[in-house]
Amino acid sequence: MNDTASQPVIAAIATAAGRGGVGVIRLSGKNLLPLAQRISGGKTPVPRTAVYTDFVDENGQPIDNGLLLYFAAPASFTGEDVIELQGHGGPVVMQMLLSRCLELGARPAEPGEFTKRAFLNNKLDLAQAESVADLIDASSRSAARMAVRSLKGAFSQHIHALVDDLITLRMLVEATLDFPEEDIDFLEAADARGKLAGLQGRLKTVLQSAEQGALLREGMSVVLAGAPNVGKSSLLNALAGDEVAIVTDIAGTTRDTVREQITLDGVPVHIIDTAGLRDTDDVVEQIGIERSRRAVREADVALILIDPSDGLNAKTQAVLADLPPTLKKIEIRNKIDLTGETAGVFSDGLTPQSGADCLIKLSAKTGSGLDLLKQALLKEVGWQGESEGLFLARSRHLAALKTAGAELELAALCGSRQIELLAEHLRLAQNACSEITGEFTADDLLGVIFSRFCIGK
């Protein structure tokens, strides 16, 4: 897979933008020892040993001073020679050091190019490479732990095991194709049908774990929908634990979508307070309402707020008519502090037109019933709680696993006279699994994946 031997030296600022106590310049390429000597004023670094030195310009004048680390290939993150210059973290100093590296023959690194080279040099497979970005972007402790687990190869081990089993099964099928005149029934003798059924079960288990991991990575999107002035902003503030939305008695106060993120049992929850869906002549409010409708279409769960004093009025009916029929819905009766009702989750008493799975009575003002709502949200998206068997997964991983599962289902339907078709379905299932780790992938997919990384990683 290594195609980086002739690649140019790349350099980038690896620390975040802005000021800091320490800033890091990272370089990767072939034969970087001469470059290290020139930027350090003639010092020869020992691999994997920090050297305190000045970083000098073309005239030998110090630009900065700090630590130089040299990692000789192949014992480095990228598999190439790697240099890290750890200096002072001021933006001007970092840019001066980076410019000096470019003068010495490096070019600016593209987003994710260091990790991409690690993948191309077999230091990481594709799932592990993606987990680097997932670890950086983790929005909860649970997500960070799962990302580290994937980086260490937990997800990849499951995929490799599936691929190995598929290869074994394909060998049996190919043997049957290669020796059709033999009296031996290779598939029957090796219990190929039993192996296929076992493989389907293991793939289903991996997919279930991946779907749970995808929740940790992507989180869920929850929209608060209802007629104007029904208490959506109050509920958002109660869930967020802060005054993130303006609350008044004036209809139309929320003129745009207000977004807030909270974490429930490690799962990121993106809550969107929509502008009250209604007809209006206000141009600004019309824009907010259109954004609200778009947020509703893209949501995982909708909380339908119905004012107990008004019930299912015309405004609420208009809101419900805008909701996708397949969207999961929870009906919310707010303001129980005024009605005197008891907080709880109910399966009866639902407004028939709401299409909700359950009814929750609560008070955004006092907080009574909020914990019940949080538990219901996790239940709606199928969250089963964090466990050691979970690993972060992306949409493409889920799609690949589902494709492999569909191919195995088709393979199971093949009869004894459809050996060629069976072989093809097994091959396609293996290709789908191999796309996850990058053993079978297209260059354009790699471009899309690594372009989403930050520069310097």
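The exercises below, each with a worked solution, concern a predicted model.

**Exercise 1.** Find the aromatic pair in the structure and classify its geometry.

Solution.
- Step 1. A search of the whole structure gives 1 aromatic pair.
- Step 2. The partners are Phe155 and Phe391, with ring centres 4.5 Å apart and 20 degrees between the planes.
- Step 3. Planes under 30 degrees apart count as stacked, and the pair Phe155–Phe391 is stacked.
- Step 4. Phe155 belongs to helix H6 (residues 154–178), while Phe391 is in the loop between helix H13 (370–380) and H14; the two are 236 residues apart, so the pair links distant parts of the chain.
- Step 5. Buried means under 20% relative accessible area. Phe155 is therefore buried at 1%, and Phe391 is buried at 2%.

**Exercise 2.** Compare the salt bridges Arg117–Glu80 and Arg427–Glu424 by location and by burial.

Solution.
- Step 1. In the Arg117–Glu80 bridge the closest N and O atoms are 3.1 Å apart. For Arg427 and Glu424 the N to O distance is 2.6 Å.
- Step 2. Arg117 is in helix H3 (residues 113–120) and Glu80 in the loop between strand E4 (62–71) and strand E5 (81–89), 37 residues apart.
- Step 3. Arg427 and Glu424 both lie in helix H15 (residues 419–437), 3 residues apart, about one turn of the helix. An α-helix has 3.6 residues a turn, so residues three or four places apart point the same way.
- Step 4. Arg117 is buried at 2% relative accessibility, as is Glu80 at 7%. Arg427 is partly exposed at 30%, and Glu424 is partly exposed at 32%.

**Exercise 3.** Which residues are linked with Arg217 and Glu218 in a network of salt bridges?

Solution.
- Step 1. The side chains of Glu218 and Arg217 meet in a salt bridge of 2.2 Å, N to O.
- Step 2. The network joins these two with Glu130, Asp134, Arg394 and Arg396.
- Step 3. Glu218 is partly exposed at 38% relative accessibility, and Arg217 is partly exposed at 27%.
- Step 4. Arg396 is among the buried residues of H14. Helix H14 covers residues 395–413 and reaches 27 Å from its first C-alpha to its last.

**Exercise 4.** Locate Ser233 and state whether the residue is buried or exposed.

Solution.
- Step 1. An unreviewed UniProt entry places the feature "binding site" at Ser233 and Thr254.
- Step 2. Ser233 lies in helix H9 (residues 232–240).
- Step 3. The relative accessible area of Ser233 is 10%, so Ser233 is buried.

Notes: Residues numbered from 1 in each chain as written. Predicted model: local features only at pLDDT ≥ 70, side-chain atom pairs only at ≥ 80, totals over all residues. Heavy atoms only, no water. UniProt positions renumbered as here; feature names shortened; annotations may be inferred. Helix = DSSP H or I, 4+ residues; strand = E, 2+ residues; numbered from the N terminus. Buried < 20%, exposed > 50% of the residue type's maximum accessible area, 1.4 Å probe, protein only. Expected span 1.5 Å × (residues − 1). Phe/Tyr/Trp six-rings, centres within 6.5 Å; stacked < 30°, edge-to-face > 60°. Salt bridge = Lys/Arg side-chain N within 4 Å of Asp/Glu carboxyl O.
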